[in-house]
Amino acid sequence: MNQPTRPPRARLCWAPIVLAALVAAGCKGAEPNASATGEMGGTMVVAMPGDVGTLLPGLVVSMGDRELTDLLYDRLAEIGDDMNTLGDKGFTPRLAERWDWAPDSMSITFHLNPKARWHDGQPVRASDVRYSLNLIKDPAFGSPVAVYVTNVDSVSVRDSLTAVAWFKRHTPEEFYDLVYQVVIVPEHILGNTPAAQLKTADVGRRGIGSGRFRLARWEPGQRLEIVSDTGNYRGRAKLDRVVFVPSADFNAAVTRFFSGEADLFDQLRPENMAKLAGDTVRHALRYPNLQYATYAFNLVDPKQPSRPHPIFGERAVRRALTMAIDRVAMARNAFDTLGLPLHGPFPSSIAVADTTLPQIPYDTTAARALLDSAGWLAGPDGVRVKNGRRLAFGLMSPSSSASRHQYAVLLQAALRKVGADVRLEETDFATFVAKQNTHAFDTEISLFATDPSVSGFKQTWSTAGISKDGSNFTAYSSPVVDALLDSATTTFDPARTRAYARRAFETIIEDAPAVWLYQPPTVAGIARRIRTTNLRADEYWADMADWWIPADQRIARDRIGLQPLP
Amino acid sequence: MSARATRATSFGALLLARTWRDPRSRVASVVLALVALAALLAPLLTPYDPAAQLDIVRLRSLAPSLAHPFGTDPYSRDVLTRVLFGARVSLSIAFAAVALSISFGILVGVVAGYVGGMVDVVLMRLVDAALAIPRLLLIIAVVALWGSLSVASLTVLIAGVGWFTVSRLVRAETLVVRDRDYVVAARALGTSPWRHVLPNVVGPGIVNATLAVGNVILLEAGLSYLGIGVRPPTASWGSIIQDGAERVSDLWWLTVFPGLAIVVTVFACNALGDALRDALDPRQLPLSASEDLVHRP
Amino acid sequence: MVTTLTFVLVHLAPGDPIAATLDRPGVTEAVRQQWRESFGLDRPLSEQYVRWVANAARGELGYSFSHHRPVRDVLADTLPRTMLLGGLALVLSFVLGVLVGVLQAERPGGARDRWLGRVLLLLYSVPDFWLALVALLVFAYRLPIFPAGGIVDPVMHDYLSVGGRIADRLSHLVLPVLTLTLLSAASIARYQRSALMEVLPSDWMRTALAKGLSARAAVRRHAVRNALLPTITLAGLWLPTLAAGAVFIEKVFSWPGMGLATVNAIGARDYPLVTAGVLAISVLVVAGALLADIAVAIVDPRVRLS
């Protein structure tokens, strides 16, 4: 009988009782279990700050939910590591084992893998693909990704394993639009419920997909457990189970991780790095992301959006304030050596990123001179005044974000040095978003999480994105940029896409509607015994089904095996 | 009965004398005086400005040293300076809020007790309903409405949720006194009865106020811990703890020093309050003791 | 009346909960409007209120869109957890508080009384979240004796034997209950002591002493019974304070109870959950007062319900 390896930090007080229990559990799991040999087996516990929202792919908004649905469901094909979104280069088969383009590229025929099954045993059919697309496009369902699939006209079913997707226009990203955004869901489970009720209906919480993990149980507020789908068409996941444990906040999640209760926590902060320095059980795992944070000015008057902002409507003022901000020092302060500089309105992992673009320098002397020449002269208390108006404005940030709070305080002090009186307005997330959408702020720190495509930029930086449907919170409007972004999204030549995008970014940087603050460093703390695979830039968990634990490093909970609950 | 009325004027002097005999109150008063002095003299005691970020790369998060006895925070601000100036903020919020709430509570209590009838019923129903909701949730809800608050608004808000217990207390006192001979006589004569009601109220009022100051300091600290207290870059003891809330193990000085300041000050308030209460009249305990307990956040 | 007040307050808050939930580039206004409609948030405020009251009377409390479950389910899960925490803390702090108060009152002014008094006053002056943070640091982080939070071990619990499961639950309860208890016990002890002090010079106390009982025995037997009454009433009134104090404790220890859920719900503008949470607390207060009255009737020989 194997003695289970004790976790390195033993629970002293309850050790005898728990040890006895563990021995009992270990005895149960020590029977010859096919899944416990080789690379198969193991349990990973993931600490999440916050809780799970939804398990329906079309309704996902948070990254945590996205991780879960990606593990439980499949797409037709997966994007390659290079994040290419033009054509189908780099995409690898999933539910679709191959696909054919029509000669005019107005339709693509997908041939489904005949071995693909839903977790309840039913085969995956072409009608499921059709249902999935229609569901997302259905306004009654209310999917946040509906706007991304407007170019996909419909899916027709040729036979049970062949689905044909029809497009309205031939665009460079049409394959990506359909395959990346539409996660395939089972019609026979969800189809009987009206789309409008799926949000709240019980059937939407069953998480029945075709992924290499399936849902074992979900106790809201306590844990969500997924187990390996042993009969999966792509092979079972190597880990036996992954347990997601929600925590009240960051502190609680970090404590769980460092105490050994959790194996993975994906939002470590720089101050936790020192603690990992000599740790033999766990280490840091840096992973890429597609996020960037800006200090954005509102270019329109919050009280009258048709008029320019009395302070930030002027380009000179924006450029001057940008020069007052030492982005490098702030990044060092907030993120230690982990901080990544931001070179423009894009994360550096994206295909069209360009880190060589000219930047506005940090120069407080020039900043003051520029403000003087713009008519903002220093008043008696040091705050600048022009035409009776003080250079005083608000800085909005969500109270939920610690790093943005940190930056808010740093920015306030930096701007005070050049004569601006900044008032911090930290609000709850709901109010923050509402004010962003209605341009009811002076300045704000916004964090964008982009998807790999180029067309996302139109949402944030084109004139069309100023409405409530887009994310152009600064109300930046430039016909030059509009034209360049249009060209970038309609050309089929990747080199030309990059060139157009570069020129658009250059113009935006010149106009300084925002200060490019930082790319948030994403570092996960993970137990050393867990072997990971390649980490994709948009989703580090993409290949989690291939993560494994060597047999000689397993601890007690790895040996539970795939037995059903007692 | 009239002896009590004449004692009103020397009441204050008598109370002070009895309190001073109690060693607890002597120590507590000295401590409180020191804290208040430190708060007043803050600019003289430190060369730094509480909001000054000295060097955001090299001087951030330093452990306590000779140059910075309480260390620096993640924004490279000197913590000792912030604790000293924080005393100003925390104490002024506490005193102002308590003064406001006690005054308002006395007003409402006297009116309810004296006028009686429908007015009394309505007022006390309101008080009962408000007391059912934990103070904390009430404040959180209001802060959610108005976003972050200035120090003044925060003070008014804390005062606004703190007057209920005082009003109940005062109303009870008023009821007792209302029907006494000299008050009835005063009313018949047309002179104001307040002169007779107020002195009886002042005693427990002072006790309640002293203890309330301590409670408000704790409440403000709690609110700041939740992130809904004073706005940056203003320093209050609670907000300094909040700055270091997520790094308690690393930056212990951000939690320990303001925390100690809170404990010492509140301890002194409570000790003084206890001494005052004992000096006042041991028989009045039940009412004031329960009021001080329910006044907690 | 309480609930009306809360309903109005919460709904007046700026901020659209649906917009917050759907904060992603590309989400159109039409989609947000559709979500609002499906949750009934687009009707006029008065209509929403009437519908809410009618439903609440039937026990139907609406849908919490921050938890993605019916409010009833959220309350059913979280309320027992908070009550477990609060109930245990109340009982323990009551027992501890009375004990300490009695110990103090036996020899008022004596060394034991004075030192206990100082310790209690110190505890009473400590912010509750601070104590919780320190406890968490020392006992779960630095010396890993107790788990860092939660109710049970997220993975192993179901695979443990019955004894193991009990031990697991207990170990997760220790720190939160202890922290809550210490602070409440301090208040109750102070109160019990002063209540006893008031009773000491009274007539029947002198009678008891005259009958030949030693001071200590007299205190214990008679005084406690009489001084218990106001303390019991107090314990009943303590319930809303316990619920609020539990908020900090629940936050620090990740205890998924009602205090934490309500606070988070206020931030998320989850109107149904907030109003239901406040309703629950109000009910608790009334229940607490009732229970206290009953307990007083039992304990006091002079008061009997006719």
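# Exercises on a predicted model

Within helix H8 (residues 315-323) of chain A, the buried residues are Val317(A), Arg318(A), Ala320(A), Leu321(A), Thr322(A) and Met323(A). The structure is a predicted model, and the exercises below work through chains A, B and C of it in turn.

**Exercise 1.** Find which elements of chain A cover the buried residues of H8(A).

*Solution.* Begin with the buried residues of the helix, among them Val317(A) and Met323(A). Then look at what surrounds them: the cover includes two strands, E13 (291-297) and E20 (514-518), together with helix H10 (364-373) and helix H11 of chain A.

**Exercise 2.** Place Ser400(A) in its chain, and decide whether it is buried, partly exposed or exposed.

*Solution.* First locate the residue: Ser400(A) belongs to the loop that links strand E17 (392-398) to helix H11 (402-417) of chain A. Next count its surroundings, where 18 C-beta neighbours are found inside 10 Å. Since a residue is buried at 20 or more and exposed at 12 or fewer, Ser400(A) is therefore partly exposed. Finally, set sequence beside space: Glu426(A) is 26 residues away from Ser400(A) along the chain, while their C-alpha atoms are 9.0 Å apart.

**Exercise 3.** Describe the backbone and the exposure of Ser105(A) and of Asn387(A), neither of which is a glycine.

*Solution.* Start from the general expectation that most residues other than glycine have a negative phi. Against this background, Ser105(A) has a positive phi of about 55°, and Asn387(A) has a positive phi near 50°. Now place them: Ser105(A) sits in the loop between strands E4 (96-101) and E5 (107-112) of chain A, whereas Asn387(A) sits in the loop between strands E15 (384-386) and E16 (389-390) of that chain. As a last step, compare the neighbour counts with the cut-offs: Ser105(A) has 15 C-beta neighbours inside 10 Å and so counts as partly exposed, while Asn387(A), with 7 inside that distance, counts as exposed.

**Exercise 4.** Summarise the make-up of chain B, and test whether the length of its helix H12 agrees or disagrees with the expected span.

*Solution.* Chain B has 13 helices and zero strands, and 52% of its 297 residues count as buried. Of its contacts between residues at least 6 apart in sequence, 70% join residues at least 24 apart. Turning to H12(B), residues 252-280, its 29 residues at 1.5 Å a residue should span 42 Å, and because the end C-alpha atoms are 41 Å apart, the two values agree. H12(B) is also mostly covered, with 23 of its 29 residues buried.

**Exercise 5.** Work out where in chain B the confidence is low.

*Solution.* The mean pLDDT of chain B is 78, and 79% of the residues score at least 70. Among its elements, H4(B) (residues 79-115) has the highest mean, 88, and H13(B) (residues 285-294) the lowest, 42. Over residues 283-295 of chain B the pLDDT is below 50, although the model gives this stretch 35 contacts beyond near neighbours in sequence. At the other end, residues 1-9 of chain B also stay under 50, with seven contacts beyond four places in sequence.

**Exercise 6.** Describe how helices H5 and H6 of chain C meet.

*Solution.* Consider the geometry before the residues: the axes of H5(C) (residues 71-106) and H6(C) (residues 111-124) come within 8 Å and cross at roughly 145°, in a left-handed crossing. The contact is made on the H5(C) side by Val100(C), Leu103(C) and Gln104(C), and on the H6(C) side by Arg112(C), Asp113(C), Leu116(C), Gly117(C) and Leu120(C). Sorted by character, these residues are four nonpolar, two polar and two charged.

How values were computed. Residues numbered from 1 in each chain as written. Chains lettered and ligands numbered in written order. Predicted model: local features only at pLDDT ≥ 70, side-chain atom pairs only at ≥ 80, totals over all residues. Helix = DSSP H or I, 4+ residues; strand = E, 2+ residues; numbered from the N terminus. Expected span 1.5 Å × (residues − 1). pLDDT = per-residue confidence, 0-100. Axes fitted to C-alpha atoms, helices over the stretch in contact; angles between N-to-C directions. Left-handed = near helix turned anticlockwise from the far one by under 90°. Nonpolar A, V, L, I, M, F, W, Y, C, P; charged D, E, K, R; others polar.
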